[in-house]
Amino acid sequence: MQNVGGRSVAETVKSLAALILFCCMSSSMLFAQAPFAPTQPHSSAAKFPAASAYTSTKLTYEIIDAPKQTYGYDVFADGRLMIHQTSAPALPGNEGFKTSEDATKVALLVIDKIRKGEMPPTISIDEMKKLNVNNSIQ
């Protein structure tokens, strides 16, 4: 038998075979484990109230200043901030409404949707057009 680096060929082959077996076993154990999926606690998940949750709640709004000399609105439930909207919904970008009147129209629609139990009270482009909001796409 020949020596390879002070070891016999048989010892070298055994060592190499053991190394290959170890690598195969390690990788199969790694892939056999359950995939990593970060779990979020249930408390951080978005939870929307039941449809009847706001039937006796005092819902109010306030028109607010938004970026680039535009307007937004805040919606309050019994005096507590519920929605802070500084951009015109359903439209690309982050500009607010061109007029405070347009912001008022949408804020009132949002309050109406909350009263009806529509949570979240999303606004569509079609609804903006029906309200004659100037920001809506023509």
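## Fold, sheet and salt bridges of a predicted chain

From the N terminus on, the elements of the protein chain run β-β-α-β-β-β-α-α. The total is three helices and five strands, where helices (H or I, at least four residues) and strands (E, at least two) are DSSP runs numbered from the N terminus. The model is predicted: local features need pLDDT of at least 70, side-chain atom pairs count only at pLDDT 80 or more, and totals for chains, interfaces and linings use all residues. Residues are numbered from 1 along each chain as its sequence is written, and side-chain values use heavy atoms, with hydrogens and water left out.

**Chain totals**

Of the 138 residues in the protein chain, 27% are buried. Buried means under 20% relative accessible area, exposed over 50%, and partly exposed in between (1.4 Å probe, protein chains only). The accessible surface of the protein chain comes to about 9900 Å², and 58% of that surface belongs to carbon and sulfur atoms. Accessible areas come from the Shrake-Rupley method with a 1.4 Å probe; for residues, only the protein chains shown count as cover. Among contacts in the protein chain with a separation of 6 or more, 48% are between residues 24 or more positions apart. Contact here means heavy atoms within 4.5 Å.

**The sheet and helix α2**

Three strands form an open sheet in the order β3-β4-β5, with antiparallel pairing. The edge strands, β3 (59-66) and β5 (80-85), each pair on one side only. From one strand to the next, the twist averages 25°. Two strands pair if DSSP finds at least two bridges between them. Eight bridges hold the antiparallel pair β3 and β4, and in this pair Glu 62 stands opposite Asp 74 in β4. Strand β4 (residues 70-77) is joined to β5 by five bridges, again antiparallel; Phe 76 has Leu 81 in β5 as its bridge partner.

Helix α2 (residues 100-115) lies across β3, β4 and β5 and runs at about 145° to β3. For such angles, axes are lines fitted to C-alpha atoms, for helices over the stretch in contact, and the angles run from 0 to 180 degrees between N-to-C directions.

**Backbone exceptions**

Most residues other than glycine have a negative phi, and most peptide bonds are trans. The hairpin of β3 and β4 has three residues between its strands. In the loop between these strands lies Lys 68, with a positive phi of about 60° although it is not a glycine. Lys 68 is exposed, at a relative accessible area of 63%. Gln 69 is placed in the loop between β3 and β4 and has a positive phi of about 55°, although it is not a glycine. Gln 69 counts as exposed because its relative accessibility is 78%.

A cis peptide bond, with omega about 0°, joins Met 119 and Pro 120. Pro 120 lies in the loop between α2 and α3 (125-130).

**Salt bridges**

Side chains of opposite charge can pair when their charged atoms come close. The structure holds four salt bridges, each defined as a side-chain nitrogen of Lys or Arg within 4 Å of a carboxyl oxygen of Asp or Glu. The table gives some of them.

| Lys | Acidic partner | N to O distance |
|---|---|---|
| Lys 116 | Asp 112 | 3.2 Å |
| Lys 113 | Glu 118 | 3.6 Å |
| Lys 113 | Glu 127 | 2.8 Å |

Lys 113 and Glu 127 link distant parts of the chain: Lys 113 is in helix α2 and Glu 127 in helix α3, 14 residues apart. Lys 113, Glu 118 and Glu 127 are linked in a network of salt bridges. Within this network Lys 113 counts as buried because its relative accessibility is 7%. Glu 118 is partly exposed at 37%, and Glu 127 is partly exposed at 22%. In the pair of Asp 112 and Lys 116, Asp 112 is partly exposed at 33% relative accessibility, while Lys 116 is exposed with a relative accessible area of 57%.

**A nonpolar patch**

Leu 16, Leu 19 and Ile 20 make a nonpolar surface patch of about 290 Å². Patches are made of residues with over 30% relative accessible area and no salt bridge; like charges are joined within 9 Å, and nonpolar side chains (Val, Leu, Ile, Met, Phe, Trp, Tyr) within 5 Å. Leu 16 is in helix α1 (residues 9-32), and it is partly exposed, with a relative accessible area of 48%.
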